[in-house]
Amino acid sequence: METVWLDPGELFIGVGAEVHTVLGSCVSLIVHHPRSRLGAICHGKRASRSCEHPAGGVKVCREMGDYLSCVMPFLLASFEQRGISRQELEVKLFGGAMMFTGTAPHLDLPGFTVGKRNVDTAMSFIRAHHLHLTASDVGGPWARQLIFTTSNGEIRLRRIRSSAQELDTLDAGQGIGNGRKPF
Ligand SMILES: [Zn+2]
């Protein structure tokens, strides 16, 4: 099976791959279609931005993979364009680490709000499109090492104890030191 390393802002759609990624405040939405064994995963860094998404087709926005509001509709459309209905899809959601550094979260600290906004945006999308959420592990003060097998939808996930600084490094796309070791 092919191994794919997914960095922040990237996405993968395919069969027969084992996709590895490490999430800080970023969020991975994973879509799997059991019958065709097709799987898709994104690694979004930010919740949303204002850009037009025409209803009559699929637009590939600039730096699409960075923004959940851009990449999630693209992932869904990738299945629908293959004639796969939403009801057949299994959706999973991971990431969105939130650092509680002894200060109240309502103070709008970046490390807290980025992860929370990412998770809230993904959950709103899942609800709005009536998608079947079969697994999730979100929030908390830890990074996550994740392996997604596209053909059967299997997830292997490990929480990694992390400092705020490590999460910042991770969100900048530089990876946590042990994030690329196998399980
Ligand atoms: Zn867009």
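## Exercises on a predicted model

A polar contact of 2.7 Å links the side chain of Thr21 with that of His43. The model behind these exercises is predicted.

**Exercise 1.** Describe the surroundings of Thr21: where does this residue lie, is Thr21 buried or exposed, and which residues does Thr21 touch?

*Solution.*
Step 1. Thr21 belongs to strand S3.
Step 2. Its relative accessible area is 3%, so Thr21 is classed as buried.
Step 3. Beyond residues up to four places away in sequence, Thr21 touches Leu6, Ser28, Ile41, His43, Arg144, Gln145 and Leu146. His43 is also the partner in the 2.7 Å polar contact.
Step 4. Glu10 is 11 residues from Thr21 in sequence, and their C-alpha atoms are 10.0 Å apart in space.

**Exercise 2.** Do the same for Leu23, and find how far its C-alpha lies from that of Trp142.

*Solution.*
Step 1. Leu23 is in strand S3, which covers residues 17–23.
Step 2. Leu23 counts as buried because its relative accessibility is 0%.
Step 3. With neighbours within four places in sequence set aside, the contacts of Leu23 are Ser28, His43, Phe94, Gly95, Ala143, Arg144, Leu146 and Leu170.
Step 4. Trp142 is 119 residues away from Leu23 in sequence, yet the C-alpha to C-alpha distance is 8.9 Å.

**Exercise 3.** Lys92 is a buried residue; work out what its side chain has around it.

*Solution.*
Step 1. Strand S6, residues 90–95, contains Lys92.
Step 2. The nearest side chain of opposite charge is that of Glu90, 4.8 Å away. A salt bridge needs a distance within 4 Å, so Lys92 has none.
Step 3. A polar atom of the Lys92 side chain is 2.8 Å from the backbone oxygen of Gly153.
Step 4. Gly153 is also one of the contacts of Lys92 outside its neighbours within four places in sequence; the others are Ser28, Leu29, Ile30, Leu133, Thr134, Ala135 and Ile155.

**Exercise 4.** Which residues of the largest nonpolar core touch the most other members, and which element gives the most residues to this core?

*Solution.*
Step 1. The core has 24 residues, and Leu29, Met72 and Phe79 are the ones touching the most other members.
Step 2. Two or more residues each come from strand S4 (27–33), strand S5 (38–42), helix H1 (68–80), S6 and helix H2 (110–128).
Step 3. Among these, H1 gives the most, with 7 residues.
Step 4. Met72 touches Leu29, Thr121, Ala122 and Phe125, residues up to four places away in sequence not being counted.
Step 5. Another core, of 12 residues, lies apart from the largest one and includes Cys26, Ile30, Ile41 and Leu146.

**Exercise 5.** How does the span of H1 compare with the expected one, and which of its residues are buried?

*Solution.*
Step 1. H1 has 13 residues, and its first and last C-alpha atoms are 18 Å apart.
Step 2. This is close to the 18 Å expected at 1.5 Å a residue.
Step 3. The buried residues of H1 are Leu68, Cys70, Val71, Met72, Leu75, Leu76, Ala77, Ser78 and Phe79.

**Exercise 6.** Locate Val58 and state what Val58 touches.

*Solution.*
Step 1. Val58 sits in the loop between S5 and H1.
Step 2. Its relative accessible area is 39%, so Val58 is partly exposed.
Step 3. Not counting residues up to four places away in sequence, Val58 touches Phe74, Ala77 and Gln81.
Step 4. Ala77 is 19 residues from Val58 along the chain, and 7.1 Å separates their C-alpha atoms.

How values were computed: Residues numbered from 1 in each chain as written. Predicted model: local features only at pLDDT ≥ 70, side-chain atom pairs only at ≥ 80, totals over all residues. Heavy atoms only, no water. Helix = DSSP H or I, 4+ residues; strand = E, 2+ residues; numbered from the N terminus. Buried < 20%, exposed > 50% of the residue type's maximum accessible area, 1.4 Å probe, protein only. Lys, Arg positive; Asp, Glu negative; His and termini not counted. Polar contact = N/O pair within 3.5 Å; in protein donor to acceptor, adjacent residues only side chain to side chain. Contact = heavy atoms within 4.5 Å. Core = buried A, V, L, I, M, F, W, Y, C linked by side-chain atoms within 4.5 Å. Expected span 1.5 Å × (residues − 1).
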